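Biologist: I have a new model open and would like to learn how to read it. Could you walk me through it?

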Amino acid sequence: MTENSTDPSRIVLLGLGDMGAAFARAWLAAGHPVTVWNRTASRAEPLAAQGADVAADPAAAVAAGRLVLTCLFDDASVGSTLEGVDLTGKDLVDLTTSTPGEARARAEWAAERGARFVSGGIMAVPPMVGVPESGAYTFYSGSAEAFAEHEGALSVPTDARFQGEDPGSASLVDIALLSAMNGMFAGITHAFALTRRSQVPPAQVAELLQGWLAAMLPAAGEFAARLESGDFTTGVVSNLAMQARGEETLLRAAGEEGVSTELLLPYGDLMRRQIAAGGGDQDGAGLVDRLLKEPA
Ligand SMILES: NC(=O)c1ccc[n+]([C@@H]2O[C@H](COP(=O)([O-])OP(=O)(O)OC[C@H]3O[C@@H](n4cnc5c(N)ncnc54)[C@H](OP(=O)(O)O)[C@@H]3O)[C@@H](O)[C@H]2O)c1
């Protein structure tokens with residue numbers, strides 16, 4: 001193992017779940033020497049067959065190279081896996097989905113152990129990894145020097161986007177996008193439930209949803225322009241008072257069709273709070289600051 005530590009192209013990867021294994025396969029396919037470790041050793045076997053070196057424990061894996069990646073269940077499992085492991089002089093890139101606060105604390109933890117730290121937020125599912133045309137990318141933030149040094153290797157499994165030196169910012173944008181995705185899935189789920197007992201076939205609902213949601217997406221750009229200007233009322237096409245009236249119709253329709261309103265109500269409640277605070281003439285972007293627990 002010691003001779004490997006001089007090889008700057010060696011990738012050390014801890015965590016061979018669905019995502020970690022996909023990253024490992026991409027590096028192996030690109031010709032990188034790869035050392036892997038996984039808590040359940042059997043998950044390393046297919047990668048060993050593809051040329052990976054398998055370490056007996058996390059310390060042995062970390063000793064094999066300078067660039068050390070973790071792709072584990074959560075931030076706590078990163079801490080427990082690397083507990084007592086010598087990280088002096090290592091560049092630790094944590095691909096585990098974490099909160100921004102966890103990533104910042106992990107960066108401090110790594111610095112106390114003599115390692116540079118980069119947090120990663122993967123915007124892909126495993127089959128997209130190692131497929132350049134899939135659109136997969138990963139946000140990275142933390143040590144700019146460490147990212148620059150390893151950008152070539154980090155760009156192999158997915159495109160690599162550096163989000164700045166705040167170790168929490170990769171997690172922040174990752175989780176912002178995932179949160180928006182959950183909202184979209186909530187809407188899709190409600191739409192299918194509403195049409196479930198009707199003559200409209202699911203395939204048609206799917207086609208309509210894809211077109212409609214794509215047509216609505218530019219609203220994100222309009223939100224950004226209003227948040228930057230602070231003007232939530234000029235040239236508003238669908239103000240909140242109108243949207244809230246429309247929401248009453250959505251709720252009555254759900255009642256008629258025997259569909260729970262649980263996925264609709266939170267957004268409607270937010271609109272009603274903003275209208276009660278005098279924001280009925282605003283665009284939907286006016287809701288953003290209403291959602292903050294402290295005023296922006
Ligand atoms: N899959 C996706 O679509 C996707 C997309 C974006 C980001 N991610 C992120 O990538 C990370 C890994 O996801 P995954 O899909 O690979 O998950 P997974 O298939 O469930 O694998 C989890 C990995 O964490 C290990 N692990 C769990 N608890 C552990 C502990 N206490 N100590 C040491 N190792 C532990 C597992 O080891 P064992 O094999 O021993 O259980 C396994 O290697 C997660 O943070 C996830 O949010 C995943």
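Biologist: Let me start with the basics: how many helices and strands are there in the protein?

Modeller: Happy to help! Keep in mind that this is a predicted model. The protein has 12 helices and 8 strands. Along the principal axes, its C-alpha atoms fill a box of roughly 70 × 45 × 30 Å.

Biologist: What share of the residues in the protein is buried?

Modeller: Of the 296 residues, 35% are buried. It also helps to ask how far apart in sequence the contacting residues are. Among contacts between residues at least 6 apart in sequence, 61% join residues at least 24 apart.

Biologist: Which residues have the most contacts inside the largest nonpolar core?

Modeller: The general idea comes first: in soluble globular proteins, nonpolar side chains tend to be buried together. Here, the largest nonpolar core has 49 residues, and Val 12, Leu 13, Phe 23, Ala 24, Val 36 and Leu 69 have the most contacts inside it. Helix α1, residues 18-29, gives the most to this core, with 6 residues.

Biologist: Leaving aside its neighbours within four places in sequence, which residues is Ala 24 in contact with?

Modeller: With those neighbours set aside, the contacts of Ala 24 are Leu 13, Leu 16, Val 34, Val 36, Leu 47 and Ala 52.

Biologist: Now the sheet. Why is strand β6 described as largely enclosed by the rest of the structure?

Modeller: Count its buried residues. In β6, residues 116-123, 7 of the 8 residues are buried, so the strand is largely enclosed by the rest of the structure. Next, look at its pairing. With strand β5, residues 91-94, β6 pairs in the parallel sense over 4 bridges, and Asp 94 has Ser 119 of β6 as its bridge partner. From β5 the chain crosses through helix α5, residues 100-112, to β6, in a right-handed β-α-β crossover.

Biologist: And in which sense do β6 and strand β7 pair, parallel or antiparallel?

Modeller: Antiparallel, over 6 bridges, with β7 spanning residues 137-142. One bridge partner to look for is Thr 138 in β7, which goes with Ile 122.

Biologist: Last stop, the ligand. Which residues around the ligand come nearest?

Modeller: There are 22 residues around the ligand, of which Gly 17, Arg 39, Thr 40, Phe 73 and Thr 97 come nearest. Helices can contribute to such a shell too: α1 and α4 (75-82) each supply at least two of its residues.

Biologist: How many residues of each class does the shell around the ligand have?

Modeller: The shell has 9 nonpolar, 10 polar and 3 charged residues.

Technical notes:
Residues numbered from 1 in each chain as written. Predicted model: local features only at pLDDT ≥ 70, side-chain atom pairs only at ≥ 80, totals over all residues. Core = buried A, V, L, I, M, F, W, Y, C linked by C-beta atoms within 7 Å. Buried ≥ 20, exposed ≤ 12 C-beta atoms within 10 Å, placed from the backbone. Contact = placed C-beta atoms within 7 Å. Near = placed C-beta within 6 Å. Nonpolar A, V, L, I, M, F, W, Y, C, P; charged D, E, K, R; others polar. Pairing = 2+ DSSP bridges. Right-handed = clockwise from strand over helix to strand, strands pointing away.
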